[in-house]
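Look at the sequence and the model below before reading on. The briefing that follows goes through the structure topic by topic.

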Amino acid sequence: MSSRDTTPDAAAIRTAIYRRMTPDQRCRMATEMSVMTRAIALENIQDRHPEYDEYQVRMALYRLLVGDDLFRRAWPDEGLFAP
């Protein structure tokens, strides 16, 4: 899989680096990327909705992550905070 903003040479170097990593290193990197992505999403929700408190920002993130149907099943009495 190639990215539109990555040259073939850069993609080959990145792939070689990933292949040299141990499974533990790859897992750690994926976890860090997930944590960073979640933090960015939380910041963006807070920027769009400065009136939300921390709890409401998290609920908006959960709604974004799982979709309305599953969110409603998990938190049936919770308001639908816009992400």
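H49 has a relative accessibility of 15%, so H49 counts as buried. This value, like every other one here, comes from a predicted model. H49 sits in the loop between α2 and α3.

**H49 and A82**

- Apart from neighbours within four places in sequence, H49 is in contact with A82 and P83.
- A82 lies in the segment after α3.
- A82 is partly exposed, because its relative accessible area of 33% falls between the cut-offs of 20% and 50%.
- Not counting residues up to four places away in sequence, A82 touches I45, H49, Y52, A60 and R63.
- One of these partners, Y52, is 30 residues from A82 in sequence. In space, the C-alpha atoms of A82 and Y52 are 9.9 Å apart.

**The nonpolar core**

- In soluble globular proteins, nonpolar side chains tend to be buried together.
- Which residues make up the largest nonpolar core? There are 10 residues in this core: A41, L42, I45, Y52, V57, M59, A60, L61, F71 and F81.
- Two helices, α2 (23-48) and α3 (54-74), each supply at least two residues of this core.
- The largest share of the core is from α3, which gives 5 residues.
- M59 belongs to this core. Leaving aside neighbours within four places in sequence, M59 is in contact with F71, W75, E78 and F81.
- Of these partners, F71 and F81 are listed in the core with M59.

**Aromatic pairs**

- How many aromatic pairs does the structure hold? The structure holds 3 aromatic pairs.
- Y52 and F81 form an edge-to-face pair, with 5.4 Å from centre to centre and 75° between the planes.
- This pair links distant parts of the chain, since Y52 is in the loop between α2 and α3 while F81 is in the segment after α3, 29 residues apart.
- Both Y52 and F81 are buried.
- The ring centres of Y62 and W75 are 5.4 Å apart and the planes are at 10°, so this pair is stacked.
- The pair of Y62 and W75 also links distant parts of the chain: Y62 is in helix α3 and W75 is in the segment after α3, 13 residues apart.
- Y62 is partly exposed, with a relative accessible area of 24%. W75 is partly exposed too, with a relative accessible area of 29%.
- Ring pairs join Y62, F71 and W75 into a cluster.
- F71 therefore appears in two groupings, the nonpolar core and this ring cluster.

**Salt bridges**

- Side chains of opposite charge can pair when their charged atoms come close.
- How many salt bridges does a search of the whole structure find? The search finds 3 salt bridges.
- In one of them, the side chains of R28 and D24 meet with 2.0 Å from N to O.
- R28 and D24 are 4 residues apart in helix α2, so about one helical turn separates them.
- R28 is partly exposed at 44% relative accessibility, and D24 is partly exposed with a relative accessible area of 44%.
- D68 forms a salt bridge with R63, and the closest N and O atoms are 2.5 Å apart.
- Are these two partners buried or exposed? D68 counts as partly exposed at 38% relative accessibility, whereas R63 counts as buried at 17%.
- R63 is also among the residues that A82 touches.
- A salt bridge also joins the side chains of R73 and D69, at 2.7 Å from N to O.
- R73 and D69 are 4 residues apart in helix α3, so they too are separated by about one helical turn.
- R73 and D69 are both exposed.

**A nonpolar surface patch**

- I13, I17 and Y18 make a nonpolar surface patch of about 270 Å².
- Where is I17 placed? I17 is in helix α1 (residues 8-20).
- I17 is partly exposed, with a relative accessible area of 40%.

Technical notes. Residues numbered from 1 in each chain as written. Predicted model: local features only at pLDDT ≥ 70, side-chain atom pairs only at ≥ 80, totals over all residues. Heavy atoms only, no water. Core = buried A, V, L, I, M, F, W, Y, C linked by side-chain atoms within 4.5 Å. Buried < 20%, exposed > 50% of the residue type's maximum accessible area, 1.4 Å probe, protein only. Contact = heavy atoms within 4.5 Å. Salt bridge = Lys/Arg side-chain N within 4 Å of Asp/Glu carboxyl O. Phe/Tyr/Trp six-rings, centres within 6.5 Å; stacked < 30°, edge-to-face > 60°. Patch = residues over 30% accessible without salt bridge, like charges linked within 9 Å, V, L, I, M, F, W, Y side chains within 5 Å. Areas by Shrake-Rupley, 256 points an atom, 1.4 Å probe, with all protein chains shown as cover.
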